[in-house]
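Me: I'd like a close look at one single helix here, and then a walk outward to whatever surrounds it. Keep it chatty, but give me the numbers.

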Amino acid sequence: MDARDSTSGSERAGKLQEDLRQQISAALIEQAELITSDTVAIFPYSGSEQLDAEYCHRIGRLLTQLLAFSVRDGWLDARGGLVGDLHRMTLERSLSSERLFTFAYLTERTALDELALSETIGATSEPWPSVAQIVRRASFDMLAGYTERAQLEPAGAALIDRLTTLYTREFFEAVLAKEVDRAGRYGVPISLILFDVDRLSAINKEFGYGVGDRVLERLGILLRTYFRQHDWVARHSEDSMVVLLTRTEVEQAVELAERLRHTVEDRLWFTDHRTDRHVPVTVSAAVVSVSAKVGDVLDPERLVAIAEAAIDRAKERGRNRVERVDGLTGIQQSRLPHL
């Protein structure tokens, strides 16, 4: 065999390998829901991290997608969007690497079980040993990509605001985008509450930024303990904090906002030790609720803008009050009201 024959043979082998990768990837995408369901059924999601089935399905679908792309391309870019989504989803519930790797292994095993039934690339076909090898290698590449991404984005920096101990705005925006998308897909209500500390700049100017930071720290602790574990509470700006309530109707959201407003007024005041003067601390709040219908496409940025505009109205009307914006039923992105 001369050099030309050797080169031609290598090219043919490479082409066959590429075709096989494409077939495996296509089969994984086609069977993604079945693979995810079967994997979640055997994954122990009721462990110490209190994972719910819906969250596990989201992780499972993403792992199956990543496995398919890793098979197709022969590698996985740690900086890619889906790897970033997986990293953020693990942060949502503080999912440990150990449990994620277990989940990935179960996904790989379930995927191989499904592929084994294929007539063209299954367990009784000639390419099956290569199929199994490719899938196992792709699973390894997937976890390697995730590990690299986790090192690029330290959890503390991406997740928690140091002063308030609440989620950061960047993380909250990622969560909000996914939750409003889910609200539209399933037609469930969603509510956003924005709290803004009244006259914080004046407190900082008169008593110093240390006092203002103390107010924000105490408010963060209060919010974190006041709302449910599965609600999303984050720092929105220097003097405001935001709460996302899923599957929550407007009346309940308004009641929660009012109760929190009263609690702040009762508990967060402080004493000016120079004069023994009682210094009140209050918050203004805005509640924006959407009763989504199935198929609605909601714009998360506009929801936040509506809440910010409502906060401005609360300030203009005397502060220490709750502004309510609801009735946004069945509204698509282009039809959100202009304030």
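Reply: One cut-off first: a residue counts as buried when its relative accessible area is under 20%, and as exposed when that figure is over 50%, with partly exposed in between. Bear in mind too that this is a predicted model.

The helix I'd pick is α8, which covers residues 169-186. Glu179 sits in it, and so does Arg182. Take Glu179: its relative accessible area is 11%, which is under 20%, so this glutamate is buried. Arg182 ends up in the buried class as well, because its value is 10%.

What do these two side of the helix touch? Leaving out residues up to four places away in sequence, Glu179 has contacts with Ile190, Trp232, Leu244 and Thr246. With the same neighbours along the chain left out, Arg182 touches Glu54, Arg58 and Gly187. Two of those partners, Glu54 and Arg58, fall within the 53-73 range of helix α3. Among the partners of Glu179, Ile190 falls within the 189-197 range of β1, and Trp232 falls within the 232-235 range of β2.

Next, the cavity beside α8. The structure holds 1 cavity of 30 Å³ or more, and the largest cavity contains about 40 Å³ of space. Its lining is made up of Leu176, Val180, Ile190, Ser191, Leu192, Leu244, Val288, Val290 and Leu303. Ile190 and Leu244 appear here again, having already turned up as contacts of Glu179. The elements that supply two or more residues to this lining are α8, β1 and β6 (283-291), and β1 gives the most, with 3 residues. By class you get 8 nonpolar residues, 1 polar and no charged ones. So if you are thinking about the cavity wall, Glu179 is not in it: the lining has no charged residues, although Glu179 does touch two of the lining residues, Ile190 and Leu244.

Stepping out through the arginine's contacts takes us to α3, which has a helix partner of its own. The axes of α3 and α6 (residues 128-152) come within 8 Å, crossing at roughly 115°, and the crossing is right-handed. From α3 the contact uses Leu63, Leu66, Leu67, Ser70 and Val71, while α6 brings Ile134, Val135, Ala138, Ser139, Asp141 and Met142. Sorted by class, that makes 8 nonpolar, 2 polar and 1 charged residues.

Stepping out through Trp232 instead leads to β2, and from there to the largest pocket. This pocket has a volume of about 460 Å³. It is lined by 20 residues, and those closest to its centre are Glu92, Tyr167, Gln229, His230 and Asp231. Helix α4 (81-92) and strand β2 are the elements that contribute two or more residues to the lining. If you're comparing the two linings, the pocket's has 8 nonpolar, 5 polar and 7 charged residues, whereas the cavity's has no charged residues.

A few places away from α8 are worth a glance. Gly212 lies in helix α10 (residues 209-226) and is buried, with a relative accessible area of 1%. Outside its immediate stretch of sequence, Gly212 touches Leu200, Ile203 and Asn204. Its C-alpha atom is 9.7 Å from that of Val197, a residue 15 places away along the chain.

For backbone checks, look at two loops. Asp276, between β4 (270-272) and β5 (277-279), has a positive phi of about 60° without being a glycine. It is exposed, at 63% relative accessible area. Arg319, in the loop between α12 (300-316) and β7 (322-325), also has a positive phi, near 65°. Arg319 counts as partly exposed, at 30%.

As for the whole chain, there are 12 helices and 7 strands, and 48% of its 339 residues are buried. Of the contacts between residues at least 6 apart in sequence, 75% join residues at least 24 apart.

Key. Residues are numbered from 1 along each chain as its sequence is written. This is a predicted model: local features need pLDDT of at least 70, side-chain atom pairs count only at pLDDT 80 or more; totals for chains, interfaces and linings use all residues. Side-chain values use heavy atoms; hydrogens and water are left out. Axes are lines fitted to C-alpha atoms, for helices over the stretch in contact, and angles run from 0 to 180 degrees between N-to-C directions. Helices (H or I, at least four residues) and strands (E, at least two) are DSSP runs, numbered from the N terminus. A crossing is left-handed if the near helix is turned anticlockwise from the far one by less than a right angle, and right-handed if clockwise. Contact means heavy atoms within 4.5 Å. Ala, Val, Leu, Ile, Met, Phe, Trp, Tyr, Cys and Pro count as nonpolar, Asp, Glu, Lys and Arg as charged, and the others, Gly among them, as polar. On a 1 Å grid over the protein atoms alone, a cavity is a set of points where a 1.4 Å probe fits but cannot get out, and a pocket is an open set with protein on both sides within 12 Å along at least five of seven lines; lining residues have an atom within 4 Å of a point. Grid points are joined across faces, edges and corners, and a volume is the space filled by probe spheres set on the points. Buried means under 20% relative accessible area, exposed over 50%, partly exposed in between (1.4 Å probe, protein chains only).
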